[in-house]
Amino acid sequence: MKKISVNPITRLEGHGKIEIFLDDSGEVVNSYLQIPELRGFEKFCEGRPVEELPRIVPRICGV
Amino acid sequence: MKAARRIPLMKKMLAQFGIEEERVRLDWVSASEGDRFAQLVNEMTEEIRRLGPFSGNGGKADD
Amino acid sequence: MTKPKIALYWAAACGGCDVAVLDTNEKILDIANLADIVFWPVALDFKYHHVEEMADTSIDLCLFNGAVRNSEQEEIARLLRAKSKVMVAFGACACFGGIPALGNFTTRDEIFERVYIESPSSANENRTFPQTLTKVEEGELDLPEMFDTVMTLAQVVDVEYFIPGCPPPVDIILKVVDLFASGQLPPVGAIIASDKTLCDECERTKEEKKIARIYRPHQIIPDPNRCLLEQGIICCGPATRGGCGVRCVKANMPCRGCFGPPPGVIDQGAKLVSAIASIYQSDGQEDINRMLEDIVDPAGTFYRFGMADSMLKRKSLPQGERRA
């Protein structure tokens, strides 16, 4: 089975890659979108004062 | 008097870094209290020996 | 004459630095005229293999934004380092760790637990977490390894210049482009911003640096003309490098230190502890206790953008949980 990697995906905000598996005749068998990045805002915002969050969470996405 | 304010704030911050409270200590000793000075230093030394070496494990270079 | 080559990359970042480059508006055309952009994931369709195929040091200038949080970002940092003559840590994340480095108060396992198990939108009874290698019917899938500790770019590869800011202001970006175009880049290691502190550049009226109590934003309406710190609002200006145009303070918001420590300061957070505690007026233990109560989150405030670059770098891991 042949694998085509589209890595990284471009012209959008964020990190991602696409893996496409092809059979012997070149037909697509399956494809996967993977997100290789996690920063953990869900966790590290805990313990921060609530009034500071408007200055932290804009950095989830700045585009 | 600045130290009396700085050290408690520093200790509050170090607690957030997971650093044992006993590693920082502020005491007031007069120049005439030689015995007390020696006693405090010995106490501190024992305390640190009990805690063992500090490793922040930050980054890669420290390991 | 062939045009110089520029590469831009984002690691653990939000994309705001890339947008800051586009905020140069029509000047972006000058940049495009001046140089060939050979890699820029947010805007152009070049893949990692295109970079791998380039000759070593064939890229003249690499603007790298984002912190290093996983093995892919480390690999790309090394790859771009090998391919580039000049490596620039672009923005607060690449320079100091930035907001992603607040993750250094926690660990990979704690983040995974929160994100994939505890979050209200997760239904994950089998406790499935991201794997570096997954076998699927058709073959194998791989993901980078997430680190416990977020690192700055300079902790991973050699860096020639640092452009701080969250994001770097347009005038600094244009200044760097000019310096690059005219071949007048400063000595290696330079931080391209001001050599003064933010306070030195702030135009607010400063009287006596004394505060009787700390106010949180919902407790006070700040006077737009007086020093915020003197009004009792925690402002990181005394231990932050200038050059940002005092953007936040002009908007009546206190500084949070995205330009990193000024010259002569090694640890931004420790300097702020010293600065704020020393101007606080206290008559006794009661006042000191109130100060401690009112400064809710000293580490997360004083190291808001600088955790990875601080002396301690991260929250200490319990014995037995330490890994490289």
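Buried area is the accessible area (1.4 Å probe) that two parts lose on being put together, summed over both. The exercises below apply this to a predicted model.

**Exercise 1. Describe how domain 1 and domain 2 of chain C meet.**

Step 1. Locate the parts. In chain C, domain 1 covers 5-100 + 150-181, domain 2 covers 107-147 and domain 3 covers 198-302. The C-alpha centres of domain 1 and domain 2 of chain C are 29 Å apart, and their contact involves 7 residues from domain 1 and 5 residues from domain 2.

Step 2. Take the area. Between them, domain 1 and domain 2 of chain C bury about 540 Å², with 63% of it on carbon and sulfur atoms.

Step 3. Find the main contributors. On the domain 1 side, C:Arg69, C:Asn70 and C:Ser71 supply 74% of the area buried against domain 2 of chain C, more than any other three residues.

Step 4. Count the polar links. The interface of these two domains of chain C has 0 salt bridges and 2 residue pairs in polar contact, both residues at pLDDT 80 or more.

Step 5. Assign elements and classes. β4 (68-70) and α4 (71-83) of chain C each give at least two residues to the domain 1 side. That side divides into 2 nonpolar, 2 polar and 3 charged residues.

**Exercise 2. Describe the side of chain C that touches chain B.**

Step 1. Count the residues. Chain C brings 34 residues to the contact and chain B brings 23.

Step 2. Take the area. About 2600 Å² is buried between chain C and chain B, and carbon and sulfur atoms give 65% of this. Of the area that chain C buries here, 21% comes from C:Val273, C:Leu292 and C:Leu312, more than from any other three residues.

Step 3. Count the polar links. There are 0 salt bridges between chain C and chain B, while 10 residue pairs are in polar contact, both at pLDDT 80 or more.

Step 4. Assign the elements. Those of chain C that give two or more residues are β8 (146-151), α10 (268-279), α11 (285-294) and α12 (298-302). The largest share, 6 residues, comes from α10(C).

Step 5. Sort by class. This side of chain C has 19 nonpolar, 7 polar and 8 charged residues.

**Exercise 3. Describe the interface of chain A and chain C.**

Step 1. Count the residues. The contact takes 42 from chain A and 54 from chain C.

Step 2. Take the area. Chain A and chain C bury about 4100 Å² between them, 57% of it on carbon and sulfur atoms. A:Leu38, A:Arg55 and A:Arg59 supply 17% of the area that chain A buries against chain C, more than any other three residues.

Step 3. Count the polar links. Chain A and chain C have 7 salt bridges between them. A salt bridge joins the side chains of A:Lys17 and C:Asp142, at 3.2 Å from N to O. The interface also has 21 residue pairs in polar contact, both at pLDDT 80 or more.

Step 4. Assign elements and classes. On the chain A side, β1 (2-6), β2 (17-22), β3 (28-34), α1 (41-44) and α2 (53-56) give two or more residues. By class, this side has 18 nonpolar, 9 polar and 15 charged residues.

**Exercise 4. Which residues of chain B have pLDDT under 50?**

Step 1. Take the chain as a whole. Chain B has a mean pLDDT of 86, and 86% of its residues reach 70 or more.

Step 2. Locate the stretch. Over residues 58-63 of chain B, pLDDT stays under 50. The model has 13 contacts beyond four places in sequence for these residues.

Step 3. Apply the caution. Where pLDDT is low, predicted coordinates should not be read in detail.

Conventions:
Residues are numbered from 1 along each chain as its sequence is written. Chains are lettered from A and ligands numbered from 1 in the order in which they are written. Side-chain values use heavy atoms; hydrogens and water are left out. Contact means heavy atoms within 4.5 Å. A salt bridge is a side-chain nitrogen of Lys or Arg within 4 Å of a carboxyl oxygen of Asp or Glu. A polar contact is a pair of N or O atoms within 3.5 Å; within protein, one must be able to donate a hydrogen and the other to accept it, and residues adjacent in sequence count only if both atoms are side-chain atoms. Helices (H or I, at least four residues) and strands (E, at least two) are DSSP runs, numbered from the N terminus. Ala, Val, Leu, Ile, Met, Phe, Trp, Tyr, Cys and Pro count as nonpolar, Asp, Glu, Lys and Arg as charged, and the others, Gly among them, as polar. Domain bounds come from an automatic or database domain assignment. pLDDT is the predictor's confidence in each residue, from 0 to 100.
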